[in-house]
Amino acid sequence: MNKKLPLQCPSCTSKLSVTSLTCEECKTTVTGTYSMPLLARLSNEDQLFVLEFLKSSGSIKEMASQAQVSYPTMRNRLDDLIDTIKKMEKK
Amino acid sequence: MNLSLKLLVNPFERLAGYTSLWIGILVGVCSIIPAYFFNARYDGVLDLHFTSHVTLTKIIIDQLANLFSLMFVFSIAGLLVKGNTFRLVDVCGTVVFSRFPFIIAPFINMGGGFLDMQSTLIKPTGLAGLSSTQAMFLFFSTVFLLFVIVWYVTLLYHAYKVSTNVKGWKAIVSFIVAIVIAEVLSKALIYSI
């Protein structure tokens, strides 16, 4: 099962931090409070968009043609993502 | 919303830029032909009127004034509301393409029936002067023209929204204001040339 990383507290909707990391080989566990990097706090859809953006060398035109949408539609998605990131940075 | 309905209402998610600009120019040229043969004038961005005689020059001036007004006002509205984040070619391409429903509208006056009905309506007898066939024609032509104008305005709204990325209530308010200004500007241009 592909588990989804929870980004918000289910109780109060505040952002979550990482408190435990485990080595997959020897099962050593490190505990502490680590804030999640900004990119990891994006939704799955937005993270996929960032990956696609990098893989196409930042060409919105190429992304639009691959997704079979118009250039402004893809450009609008990027603008929305930029707005989301700016809002997250302000918090 | 299924794909074919979405394409009718908002084709701009898939089609914009130069492609829609070239198709739109072709649409604009094609719409001149029925307008000329069925005596229709597009004398305003939201207008379609039938007259007893219309010249090719007038139709072309109408079309150019309407397109310029819409492109100019939408670009200014986009700049004011969203800032300089959109391409002018997307505004132009989507606006030109939005005029598509106006290709079919002049056909309502095929054989001069609409104009005859119009001249009967302005007589003192008004609605009472219409024959039963004319009354039926009035009903169907009103429904048809209403459909054309609603489709056209819906396309224009999506053209504005997709090309400038203005969203929510800002999109609705700025679109209404822009359409009213474009209508006034187009009328001023058409009747001053």
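Which residues does B:Phe97 touch, not counting residues up to four places away in sequence? I shall open with that question and then work outwards to both chains. Please bear in mind throughout that this is a predicted model.

B:Phe97 touches B:Ser20, B:Ile23, B:Gly24 and B:Val27, with residues up to four places away in sequence left out of the list. B:Phe97 itself belongs to helix α4 of chain B, which covers residues 88-98. Is B:Phe97 buried or exposed? The cut-off for a buried residue is 20 or more other C-beta atoms within 10 Å. B:Phe97 has 25 C-beta neighbours inside 10 Å and therefore counts as buried. B:Leu155 is 58 residues away from B:Phe97 along the chain, and the C-alpha atoms of the two are separated by 8.5 Å.

Let me now place that residue within chain B as a whole. Chain B contains seven helices and two strands. Read from the N terminus, the order of its elements is α-α-β-β-α-α-α-α-α. The radius of gyration of chain B is 18 Å, close to the 16 Å given by the globule rule for 193 residues, so chain B is as compact as a globular protein of that length. Along the principal axes, the C-alpha atoms of chain B fill a box of roughly 55 × 40 × 30 Å. Of the 193 residues in chain B, 36% are buried. Considering contacts in chain B with a separation of 6 or more, 74% are between residues 24 or more positions apart.

One helix pair in chain B deserves a closer look. Two packed helices are described by the angle between their axes and the distance between the axes. Helix α5 of chain B, residues 113-121, packs with helix α6 of chain B, residues 132-164, at an angle of about 110°, and their axes are 10 Å apart. The range for roughly perpendicular is 65 to 115 degrees, and α5(B) and α6(B) are therefore roughly perpendicular to each other. On the α5(B) side, the residues that meet α6(B) are B:Gly113, B:Phe114, B:Met117 and B:Thr120. Their counterparts in α6(B) are B:Gln134, B:Phe137, B:Leu138 and B:Ser141. By class, the residues of this contact are four nonpolar and four polar, with no charged residues.

I turn next to chain A. Chain A has three helices and two strands, and from the N terminus its elements run β-β-α-α-α. Its radius of gyration is 17 Å, well over the 12 Å that the globule rule gives for 91 residues, so chain A is more spread out than a compact globule. The box filled by the C-alpha atoms of chain A is roughly 45 × 30 × 25 Å along the principal axes. Of the 91 residues of chain A, 12% count as buried. Among contacts in chain A between residues at least 6 apart in sequence, those joining residues at least 24 apart make up 22%.

The two strands of chain A can be taken together. Strand β1, residues 17-22 of chain A, pairs with β2(A) in the antiparallel sense over five bridges. The two strands form a hairpin with six residues between them, and A:Lys27 in the turn has a positive phi of about 65°. As for the partners, A:Ser17 stands opposite A:Ser35, and A:Ser20 stands opposite A:Thr31.

How many buried residues are there among the seven residues of β2(A)? The count is zero for β2(A), residues 29-35, and this strand is hardly covered. β1(A) is likewise hardly covered, with a count of zero buried residues among its six. A:Ser35, which lies in β2(A), serves as an example. The cut-off for an exposed residue is 12 or fewer C-beta neighbours, and A:Ser35, with 11 inside 10 Å, therefore counts as exposed. The C-alpha atoms of A:Ser35 and A:Val18 are separated by 6.1 Å, with their positions 17 residues apart along the chain.

Finally, how do the chains meet? Eight residues of chain A are in contact with 12 residues of chain B. On the chain A side, the residues that touch chain B comprise three nonpolar, four polar and one charged.

Definitions and conventions: Residues numbered from 1 in each chain as written. Chains lettered and ligands numbered in written order. Predicted model: local features only at pLDDT ≥ 70, side-chain atom pairs only at ≥ 80, totals over all residues. Helix = DSSP H or I, 4+ residues; strand = E, 2+ residues; numbered from the N terminus. Pairing = 2+ DSSP bridges. Contact = placed C-beta atoms within 7 Å. Nonpolar A, V, L, I, M, F, W, Y, C, P; charged D, E, K, R; others polar. Axes fitted to C-alpha atoms, helices over the stretch in contact; angles between N-to-C directions. Parallel < 35°, antiparallel > 145°, perpendicular 65-115°, else oblique. Rg over C-alpha atoms; globule rule 2.2 N^0.38 Å.
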